[in-house]
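Reader: Please take a close look at a single chain in this model and work from the overall build down to individual residues. Give the cut-offs for each term once, as I want to be able to recompute the values.

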Amino acid sequence: MKNDFSSVNPAAISDIQQHSSYEAGYGIRRAWRVFPFLVAGVVLVPVCVVFASFLSPDDEIWQHLISTTLPSLLTNTLWLSLGVIVGTSLLGVSLAWFTSVYRFPGYRFFSWALFLPLAIPAYVIAFVALGTFDYTGPVQTSLRHWFNSDLLWFPDIRSGPGVAIVMTLAFYPYVYLLSRDAFLTQGKRLLEVAQSLGFTRQQGFFRVVLPMARPWIVAGIMLALMETLADFGTVSIFNYDTFTTAIYKTWFGMFSLSTASQLASLLILIVLVIIMTEQRFRLRMRFSESRKSARVERIPLTGWQAMAVTGFAGTVLFFAFALPIIQLGIWAMDALTIGLDQRYLEFAWHSILLSVLAALITCLVAAMLAYAARLHSDGYTRFAIRLTTVGYALPGAVLAVGIFIPMAWLDNLLSDWIENISGVETGLLIQGTLTVMLVAYMTRFLAVSYFPLESALQRVTRSIDEAAAGFGVTGWSMLRMIYFPMLKSSLFTAATLVFVDVMKEMPITLMTRPFDWDTLAVRIFSLTSEGQWDQAALPALTLILTGLIPIILLIRHSET
Amino acid sequence: MSTLLELDRISHAYGAQVIVNELSFELEKGEIGCLLGPSGCGKTTVLRCIAGFEPIVSGEIRLNEISVSRAGFVLPPEQRRVGMVFQEYALFPHLTVTANVGFGLHRSTKAERAHRVAELLQITGLMEVANRYPHELSGGQQQRVALVRALAPYPDLILLDEPFSNLDVSLREYLGQEIRELLKKLNITAILVTHDQAEAFAVADKIGVMHAGKMMQWGSAHELYHHPANRFIADFIGQGTLIPGKVTHSDKVETELGTLAGNIYHPGHSSREIAGSQVDVLIRPDDVIHDNDSSLRAVVVHKAFRGAQFLYTLRLASGQSVLSLISSHHDHAIGEKIGIRPQTDHIVVFDRVNSQ
């Protein structure tokens with residue numbers, strides 16, 4: 001055998017192989033070049049559809065809107081946004097500061113536990129808050145019993161401030177997460193610089209640490225604000241009308257898809273302003289990034305100060321996480337003693353099926369985008385890829401409208417065409433399937449799966465590619481032997497993130513699902529709109545349990 | 001000259017873990033001190049204790065003869081008039097150079113502040129980058145801004161934590177001299193911390209060598225090199241090997257290299273006291289010179305090119321090795337036997353350790 005090999009010139013073989021694989025690779029490379037633009041096109045369709053309706057305003061509809069709902073929608077949205085900005089920044093920044101610089105009883109626990117509320121969808125906190133603190137809820141009932149009076153002083157939870165408080169509890173972790181990052185990397189060190197320049201700790205915090213962390217804090221607040229504007233479940237449970245609920249009501253209550261899309265276009269405009277603000281501060285964050293300073297010791301708190309901080313963190317965690325879980329547990333027990341809703345398993349199966357499909361499709365597309373970005377690093381490709389990730393900023397209600405309109409058009413076109421050539425009446429082919437939902441999810445959650453994959457792919461350096469090629473491993477075998485093993489855990493992370501997001505997603509599912517095809521989130525919506533808190537508890541707990549998975553991943557990631 | 005800073009047997013500990021152990025030294029006004037030692041020896045912790053960021057569990061730190069740290073008491077950093085330059089500079093990323101430097105002058109009037117900032121930027125050649133942000137500066141400029149920012153409020157003492165570790169090796173020596181000249185010109189008292197001897201020698205008047213939280217010796221570079229207080233210092237500062245010997249007279253030591261003559265230095269004993277005793281003799285590379293005529297022969301086991309010279313590692317007949325700096329014209333092969341002879345006028349000896 002040895003002799004056979006030595007009789008052939010090995011250099012010649014490798015020459016031929018390289019040449020042919022290069023030829024074949026050229027066409028494939030071109031295909032990769034086109035791919036990001038295709039995906040960007042799909043993502044941009046709903047945006048363009050919605051914008052088109054903004055550019056061609058229907059005077060009649062606007063007249064009607066202005067004279068009826070629009071003023072209150074705008075003021076509601078404004079007050080809610082202000083409330084969330086103030087609330088999340090107060091909670092997020094102060095908690096981040098305490099847990100990153102001070103030592104107080106339980107600081108280690110609170111450092112990660114304060115992330116946990118991210119696992120609870122805002123609409124779950126919302127209906128727990130309503131069920132607990134409403135007139136008929138356990139708190140007011142027992143207080144009435146104790147004081148033997150009608151409790152006129154008890155604030156009405158079903159109000160603007162009530163929604164703002166619920167959303168603050170649900171969204172403060174975004175601000176907490178980002179400002180903690182800033183404080184951990186440079187907080188204590190900058191405080192020391194200020195002290196060595198003659199400032200007290202308090203002066204140092206306000207004059208150095210806060211201004212330095214401003215980009216992080218603002219970015220966090222913008223994320224919270226985007227969630228607020230995109231929220232549908234919370235506001236509809238509270239009957240607090242904002243754009244998302246108005247879109248839903250005009251579409252499904254008044255059957256006016258065009259009014260819905262006009263409203264959506266206005267909402268998208270507001271979101272755009274927020275994204276631009278966020279991007280500006282992100283840019284500054286990059287400039288402010290300094291080397292992570294050496295581990296510095298925490299400042300110990302003692303006496304009443306330590307107690308106050310522990311008490312504060314404990315209170316936030318109680319209302320944002322412990323109370324909802326306990327209350328849901330009690331309700332779920334109540335509901336289970338009556339008997340498990342037979343359809344619960346069907347809803348859970350729908351949720352899981354949908355989430356798995358969406359996760360697979362989204363991750364596949366995201367992985368292909370990341371690979372395309374690696375092959376082609378030119379400005380156009382990068383721009384196209386950035387466009388593909390804007391879907392995350394689109395409120396679900398807007399996206400639902402923006403995808404439904406072109407899909408319905410395509411559907412009609414398709415069935416007409418088939419009827420014309422074959423004479424068979426097919427009816428609608430796309431609506432009534434999961435396609436519309438899956439495309440919408442892919443559009444919305446591409447960013448969620450793209451960024452972890454992209455950063456993982458960056459770890460596979462070009463020299464690894466070249467080293468593998470040096471051993472003759474190229475093309476599919478490189479994918480199988482190098483890329484997949486190295487990206488496995490990130491693929492898993494990305495798929496998990498999408499899975500959980502789809503599980504708890506409400507407006508897209510509600511507006512684009514096939515008729516009577518309910519998921520857990522949709523079920524929660526319909527049960528809570530009838531005040532059946534205890535029936536909604538089990539689906540809600542299921543969502544929280546799955547929601548905990550990515551939070552645990554996040555905590556593990558941030559602790560190492 | 002008066003004493004500005006005194007550390008009086010200070011100790012620092014995290015729980016049971018002792019980081020700094022009974023450490024003492026003093027610094028005169030206008031002097032530049034240096035804490036030198038391998039990483040993890042506790043030198044940065046000492047600096048942070050002086051700044052007031054860390055408490056001490058015993059001993060006392062006095063600044064201008066006023067007690068600022070002792071067990072159970074720490075004067076807050078902002079009341080100490082001690083400036084600090086952090087290892088990673090910790091410049092305020094959201095402020096320009098001018099605003100960074102002026103930051104500590106919050107008690108001065110606007111005009112005073114502007115004047116002081118301009119003066120310092122002028123001295124350090126930072127005037128043309130005055131309106132830039134930290135991320136727009138080179139590493140050397142960032143370091144100067146950090147130094148100037150610490151100097152601005154007229155502190156009594158400046159602390160520099162590994163000031164050169166983030167800079168190119170090629171820049172370090174130059175910047176070290178620059179900093180020394182600046183500090184001397186402004187008559188600033190300073191302490192720097194480093195693990196690099198060359199840096200310590202280039203910048204400091206007094207050097208303290210630390211090891212495992214203890215001060216091994218405090219003195220000038222010359223003292224550390226020529227009068228090492230113990231074997232650790234002899235080994236850590238400069239190069240050399242220890243070979244066994246016997247003191248025969250107050251100025252003569254018998255060794256395998258022959259009889260060494262010169263002033264005998266033994267830490268703790270006078271040369272007369274140790275006459276007749278078995279010792280280990282510190283042989284520096286310049287104590288051994290190449291001599292073809294010498295009957296003393298040694299085998300070349302290793303050589304390192306140093307430009308003008310080779311640093312040869314030579315094995316004596318007994319298996320003991322010594323170092324020798326020999327002009328690089330003499331390019332000897334490994335394994336070759338060459339003639340050498342000792343040339344000493346100053347001999348450092350330690351009590352013989354049996355294991356050697």
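Author: What follows is about chain B, with its partner brought in where the two meet.

This is a predicted model, in which local features need pLDDT of at least 70 and side-chain atom pairs count only at pLDDT 80 or more, while totals for chains, interfaces and linings use all residues. Residues are numbered from 1 along each chain as its sequence is written, with chains lettered from A and ligands numbered from 1 in the order in which they are written.

Chain B contains 8 helices and 22 strands (DSSP runs numbered from the N terminus: helices are H or I with at least four residues, strands E with at least two). Its C-alpha trace spans about 75 × 45 × 40 Å along the principal axes. Of its 356 residues, 41% are buried (20 or more other C-beta atoms within 10 Å of the residue's own; 12 or fewer is exposed, anything in between partly exposed, with C-beta atoms placed from the backbone). Among the contacts in chain B with a separation of 6 or more, 66% join residues 24 or more positions apart (a contact means C-beta atoms, placed from the backbone, within 7 Å).

The domain assignment divides chain B into domain 1 (3–231) and domain 2 (240–351); such bounds come from an automatic or database assignment. The C-alpha centres of these two domains are 39 Å apart. Their contact takes 6 residues from domain 1 and 5 residues from domain 2. On the domain 1 side there are 2 nonpolar, 3 polar and 1 charged residues (nonpolar: Ala, Val, Leu, Ile, Met, Phe, Trp, Tyr, Cys and Pro; charged: Asp, Glu, Lys and Arg; polar: the others, Gly among them).

UniProt, in an unreviewed entry, lists residues 5–237 of chain B as "domain: ABC transporter"; its positions are given in the numbering used here, feature names are shortened, and annotations may be inferred rather than shown by experiment. In the model this span is 33% helix and 29% strand, and its end C-alpha atoms lie 25 Å apart.

Two residues of chain B stand out by backbone angle. Most residues other than glycine have a negative phi. Asn64(B), however, has a positive phi near 50°. Asn64(B) sits in the loop between strand S4 (58–63) and strand S5 (66–70), and counts as partly exposed because it has 15 C-beta neighbours inside 10 Å. Glu162(B) also has a positive phi, near 45°. The loop holding Glu162(B) runs between strand S8 (157–161) and helix H5 (169–185). Glu162(B) has 21 other C-beta atoms within 10 Å, so it is buried.

Chain B also meets chain A, in a contact of 19 residues from chain A and 19 residues from chain B. On the chain A side, the elements giving two or more residues are H8, helix H9 (201–230) and helix H12 (257–288). H8(A) gives the most, with 7 residues.

The largest nonpolar core has 255 residues, and Leu159(B) is one of those with the most contacts inside it (a core is a set of buried Ala, Val, Leu, Ile, Met, Phe, Trp, Tyr and Cys residues joined through C-beta atoms within 7 Å). H8(A) gives the most to this core, with 19 residues. Domain 1 and domain 2 of chain B each supply at least three residues to this core.

Definitions and conventions. Two residues are in contact if their C-beta atoms, placed from the backbone, lie within 7 Å.
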